[in-house]
Structures are given as C-alpha cells and as structure tokens.
Amino acid sequence: MTDTRGPQPQYEGYATGPLPGEREPAAGQAGPYHPPQAYPSPAGGTQGGGTQGGAQGVGGVQATRLPRTGARTTPRTRKARLRVAKADPWSVMKVSFLLSIALGICTVVAAAVLWMVMDAMGVFSTVGGTISEATGSNESNGFDLQSFLSLPRVLIFTSVIAVIDVVLATALATLGAFIYNLSAGFVGGVELTLAEDE
C-alpha cells in the first residue's frame, strides 16, 4: 500500500524534545497539586477548615434572615375526598345487633326508673282512684289501675318490646346494607370529605 499524502512536516517540539518520563519538574510545581475550586474558600481558613467556615458563614446568613412579611402563619387543613363503595352486611349486622341490645337495655332501665318516679309522686294512686270511681258500681269496685300497671308487668312488657326491637333493627340494618351495595354499584356510593388539622 502506497502513501499518497506526500511528505509531512516535522514538528521540532516532538522530534527533538525529551520524552514525558525524561522531563525535569518545573520550578513552581514542587508542592502537592491542588485542583481548582468552583467557589473561593473563606478568608482566614485553610482547605481543611474551609468547609466548616463556609457552613458557619451560611448558618450566619440563615440566622440573620428575617421572615417574610406576607408569610402564612395560620395552620393549613388537609382534605381528602373518599367514597364508601361497599358496606359489609356481616359487619353491619354485628354492629346493629350490639347497638340494638344496648338500646333495649336502656329502654328497660328507663321504664323502671320512670315507673318508680311516678309511683313516688302518687300518680298511679290518684289516677287509679279516679278510674275505679268512674268504672265502679254497687257490685264491683271498678278497674284497678295499680294492679294492672304493677312494676313486674311493666318490666315484662318493656322487655318484650326490647326483644322485638333488637330483631327488627338487626334485620333492617342488614337489609339496608344489601340495598346500599346494590345502589352503590350503579351510582358509585356516598362521597365523604375528611379534613385533618396540621
């Protein structure tokens, strides 16, 4: 293969100069090499303490920084918009059963307390005497309200009402959960907006 470029000029620096390993070190580079820095080191600090001095200088600037006049000092409120997509019928039935039992117990206790208060005030004796005089005759004394509205009868009647209430409330709540799940499949469910104070 023939070189067609012709004679090439010779560079005197490369042809006559020493090799890199044979060069003598320059007079100004006797110490260790320090790479150039992007930011000048603070005055009065060395290379090792330059970072600390710079950090203290930045901290001093931040310490003397004044707050903005239009800064917002009121707490922010985060809001989240959620949707109740499905209600578990089993959990609804358990919760409604316990709540209806508690409501039934409260009803029985309230009825007993109310009967004792009315009996202490003499309501049954006064009303019972009036009714017995109105319904009485020469052969009979009339209707005895005090024996009819005695405390055991009132408690038994209230307990029956409480048991019926427990059954009906549990059944209606479970049925309502099924109906809600069916309607939520069409319209997407009830949307709730929850807020949290920071």
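The expected span of a helix is 1.5 Å times one less than its number of residues. Keep that rule in mind for the second view. This is a predicted model, where local features need pLDDT of at least 70, side-chain atom pairs count only at pLDDT 80 or more, and totals for chains, interfaces and linings use all residues. Residues are numbered from 1 along each chain as its sequence is written, and side-chain values use heavy atoms, with hydrogens and water left out.

**View 1. The whole protein has six helices and two strands.** Helices (H or I, at least four residues) and strands (E, at least two) are DSSP runs, numbered from the N terminus. Going along the sequence, you meet them in the pattern α-α-β-α-α-α-α-β. Of the 198 residues, 12% count as buried; buried means under 20% relative accessible area, exposed over 50%, and partly exposed in between (1.4 Å probe, protein chains only). The accessible surface comes to about 16800 Å², and 64% of that belongs to carbon and sulfur atoms. Accessible areas come from the Shrake-Rupley method with a 1.4 Å probe, and for residues only the protein chains shown count as cover. Contact here means heavy atoms within 4.5 Å. Take the contacts between residues at least 6 apart in sequence: 76% of them join residues at least 24 apart.

**View 2. Here is helix H6 from end to end, with its 37 residues.** From first C-alpha to last, H6 reaches 52 Å, close to the 54 Å expected at 1.5 Å a residue. After H6 comes Gly188, with a positive phi near 100°.

**View 3. The buried residues of H6 pack against helix H3 (89-121).** Which residues of H6 are buried? They are Val154, Thr158, Ala162, Val166, Thr170, Thr174, Ala177, Asn181 and Ala184. An α-helix has 3.6 residues a turn, so residues three or four places apart point the same way.

**View 4. Zoom in on Thr158, which sits in helix H6 (residues 151-187).** Thr158 counts as buried because its relative accessibility is 8%. Set aside its neighbours within four places in sequence, and Thr158 is in contact with Thr107, Val108 and Ala111.

**View 5. A nonpolar patch of about 910 Å² lies on the surface.** Its makers are Ile156, Phe157, Val160, Ile161, Ile164, Leu168, Leu172, Leu175 and Ile179. Patches are made of residues with over 30% relative accessible area and no salt bridge: like charges are joined within 9 Å, nonpolar side chains (Val, Leu, Ile, Met, Phe, Trp, Tyr) within 5 Å. Ile164 is one of the patch residues and is found in helix H6. Is Ile164 buried or partly exposed? At 46% relative accessibility, Ile164 is partly exposed.

**View 6. Arg78 and Glu196 join their side chains in a salt bridge, at 3.0 Å from N to O.** This pair links distant parts of the chain, with Arg78 in strand E1 (residues 77-84) and Glu196 in strand E2 (residues 190-197), 118 residues apart. A salt bridge is a side-chain nitrogen of Lys or Arg within 4 Å of a carboxyl oxygen of Asp or Glu, and the structure holds two. Arg78 is partly exposed at 47% relative accessibility, and Glu196 is partly exposed at 43%.

**View 7. Arg81 and Glu191 also meet in a salt bridge, at 2.6 Å from N to O.** Arg81 lies in strand E1 and Glu191 in strand E2, so this pair ties together parts that are 110 residues apart in sequence. Arg81 is exposed, with a relative accessible area of 66%, while Glu191 is partly exposed at 45%.
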